[in-house]
Amino acid sequence: MCLDGHCESHVNIFEPEAGGEGEASGALGRRRLLAAGVAGAAALTLAPVSFAEAADGTTAGAPPQTGEETRVITGLLPTGVADFVYLPVEVPRGVQKIAVSYSYDKPGVPSGTPGNSCDIGVFDERGIELGGRGFRGWSGGFRTSFEISNSEATPGYLPGPVGRGTWHIVLGPYQVAPQGLNYRVQVTLTYGEPGPAAVRNFPPRRAKGRGRAWYRGDCHLHTVHSDGKRQPAEVAAGARAAGLDFMVSTDHNTSSSHGVWGEYADSELLIVTGEEVTTRNGHWLALGVEPGEWIDWRYRNRDDAFPRFARQVRRSGGIVVPAHMYCAYVASQWKFGFEDTDATEVWTGPWTYDDEHAISTWDQKIGEAVRGGGRWVPAMGNSDAHSEPQVIGMPHNVVLADDLATDAIMDGIRAGRSYIAETSAVELTFTASGEAKQAGIGETLKASADAPVDIRLDVKGVPNGTVRFITDEGQMHQESVGASGEGTVTWRTTTSLAAYVRAEVRHPMADGTPGQGNTMGAALMFGPMAALTNPVFLKKAGR
């Protein structure tokens, strides 16, 4: 043991002999790969790293030892390595803190070939079982080191006792260069008495509210607890500045920020706890889960695990929402389908081509639901803001809810009683009226097959905006509002002609023209989105 210094051990995981200082200098010697140890995505478990035994003393009543011990592990991961590589660390009694740092090489690669990228996290002595209780933190590729003690932890990680047993450092090599990925992991244990337990301050699940009303909220936000650069205080301040009534915390693959949000919530801002679940086959938002709830991400579509974790979110009172389904980044495209989702994000941050694609897919899914009489999937829009200059609340959701409370907001989103607005300056009212009845966003109007149904959109806050009414046939009406940005657009149809109607409000094209949705061309036919509604459904009376 080296309780007052650092004992280094060097291991080349995929080489037959130990490297570095060799056996004479305390190297761990030859290593072999062990069998996969976790259900879900492909996993690889390495042979364990051991520290001093009985660090709390061998005699009853003896004082705990103090100081530090360090191990350094190196290795090579080849192209095609498992999604997750687990490095077991045998932690003895009497450990006050565990500290881990890592690095890996980034060799040059041919154009168009992914280079090395590797995430990191950790599970404690309770194990690495999929969805189990052992999760203690994840920072992806955003940090090169972390520390955990009973009193505090690096953002992204959960404070608590450093218990005796086998901990697992998790490497996530989601891109590996043709040359392979050389890594170095350093583990330091600090011995001593544990400090006081960390205080968790969860946010309340209800704010003051206005009763049944339209509430504005951004449901996809990041902080320093994952790959964001904003502190929680900055995110909360940004939500208030954007005119929002609620916000959802969705750091990647961790619940660590949940315990700090109570300090920043108040009667005017509801802060909802959530997570962005970052799998290898797409990202999804777990919104409205119980504070402290963690959702596992270690699976692909082929593993058939997604439905299990979607059920976990719903049991916790939350909803399941695919995020940025056509994002071009590695592992970001949505591959799990929509059967187990409650809504889907169709507009993420500033309007781009992938949002146009997402809108088209969502509209197609509405048509499928109408044809089969099944459940439809409402649309959402969020900023996915991480840092400056990304704008919190651009866009956000405007939700009709019974109260400014987590459960009520989730119910409103799940029912599709919402529209998406670019900023709080944008206001919409969208209705369908016929035979002395009226239905709003997310609702159904029943009327005789040939009875006139009047569609009406009142809009504010989009100067020279272009309003589009879209049905299961496509765009059926287009009309622009004036420079004031305020106006009313109406159109008449029947339940025999339209199964649903939804509305879009677009900014002018770059040349100032309104655009035309019923033409074809090399460029997009409209300017950026300013607002988008969920549909009003139309049904023939008696059906």
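Visitor: Is phenylalanine 430 buried or exposed?
Guide: This is a predicted model, and every value here is computed from it. Phenylalanine 430 has a relative accessible area of 3%. Buried means under 20%, so phenylalanine 430 falls in that class: buried.

Visitor: What is the relative accessibility of phenylalanine 469?
Guide: The cut-off for buried is under 20%. Phenylalanine 469 counts as buried. Its relative accessibility is 0%.

Visitor: How many aromatic pairs does a search of the whole structure find?
Guide: A pair of rings is described by the distance of the centres and the angle of the planes. The search covers the whole structure, and its count is 21.

Visitor: Which kind of aromatic pair do tryptophan 294 and tryptophan 297 form?
Guide: Their rings lie 5.8 Å apart, centre to centre. The angle between the planes is 85°. Planes over 60 degrees apart count as edge-to-face, so the pair of tryptophan 294 and tryptophan 297 is edge-to-face.

Visitor: Are tryptophan 294 and tryptophan 297 buried or exposed?
Guide: Tryptophan 294 has a relative accessible area of 10%. For tryptophan 297 the relative accessibility is 2%. The limit for buried is under 20%, so tryptophan 294 and tryptophan 297 are buried.

Visitor: Which kind of pair do phenylalanine 430 and phenylalanine 469 form?
Guide: The ring centres are 5.9 Å apart. The planes differ by 35°. Stacked needs under 30 degrees and edge-to-face over 60, with the rest tilted, so the pair of phenylalanine 430 and phenylalanine 469 is tilted.

Visitor: How many residues apart are phenylalanine 430 and phenylalanine 469?
Guide: The pair links distant parts of the chain. Phenylalanine 430 sits in strand 21 (residues 427–434). Phenylalanine 469 sits in strand 25 (residues 466–471). Along the chain, their separation is 39 residues.

Visitor: Which residues do ring pairs link into a cluster?
Guide: Both tryptophan and phenylalanine take part, along with a tyrosine. The cluster is made of Trp284, Tyr299, Phe306, Phe309, Trp334 and Phe336.

Visitor: What share of the protein chain counts as buried?
Guide: The chain has four helices and 30 strands. It runs to 543 residues. The buried share is 56%.

Visitor: Why do the buried residues of helix 1 lie on the same side, and what arc do they cover?
Guide: In helix 1 (residues 232–241), the buried residues are Pro232, Val235, Ala236, Gly238 and Ala239. They share a side of helix 1 because the arc they cover around the axis is only 160°.

Visitor: Which strands do the buried residues of helix 1 pack against?
Guide: Just after helix 1, glycine 243 takes a positive phi of about 75°. The packing itself belongs to the buried residues of the helix. Their partners are strand 12 (213–221), strand 13 (246–249) and strand 14.

Visitor: What distance separates the C-alpha atoms of leucine 221 and alanine 385?
Guide: Leucine 221 is part of strand 12, and at 1% relative accessibility it counts as buried. Among the residues that leucine 221 touches are Val235, Met247 and Ala385. Leucine 221 and alanine 385 are 164 residues apart along the chain, yet their C-alpha atoms are separated by 5.4 Å.

Visitor: Which residues are closest to the centre of the largest pocket?
Guide: The largest pocket holds about 1,100 Å³ of space. Its lining counts 43 residues. By class, 17 are nonpolar, 19 polar and seven charged. Closest to the centre are Asp227, His252, His283, Tyr329 and Ser332.

Visitor: What volume does the second largest pocket have?
Guide: Its lining has 11 nonpolar, 14 polar and seven charged residues. The volume of the second largest pocket is about 610 Å³.

Visitor: Which strand gives the largest share of the lining of the largest cavity?
Guide: The structure holds one cavity of 30 Å³ or more. Its lining includes Ile271, Val272 and Thr273. By class, the lining residues are six nonpolar, three polar and one charged. The largest share, three residues, comes from strand 14.

Notes: Residues are numbered from 1 along each chain as its sequence is written. This is a predicted model: local features need pLDDT of at least 70, side-chain atom pairs count only at pLDDT 80 or more; totals for chains, interfaces and linings use all residues. Side-chain values use heavy atoms; hydrogens and water are left out. On a 1 Å grid over the protein atoms alone, a cavity is a set of points where a 1.4 Å probe fits but cannot get out, and a pocket is an open set with protein on both sides within 12 Å along at least five of seven lines; lining residues have an atom within 4 Å of a point. Grid points are joined across faces, edges and corners, and a volume is the space filled by probe spheres set on the points. Ala, Val, Leu, Ile, Met, Phe, Trp, Tyr, Cys and Pro count as nonpolar, Asp, Glu, Lys and Arg as charged, and the others, Gly among them, as polar. Buried means under 20% relative accessible area, exposed over 50%, partly exposed in between (1.4 Å probe, protein chains only). Helices (H or I, at least four residues) and strands (E, at least two) are DSSP runs, numbered from the N terminus. The arc is that of the directions from the helix axis to the C-beta atoms. Contact means heavy atoms within 4.5 Å. Rings of Phe, Tyr and Trp (its six-membered ring) pair if their centres lie within 6.5 Å; planes under 30 degrees apart count as stacked, over 60 as edge-to-face and the rest as tilted. Lists of a residue's contacts leave out its neighbours within four places in sequence.
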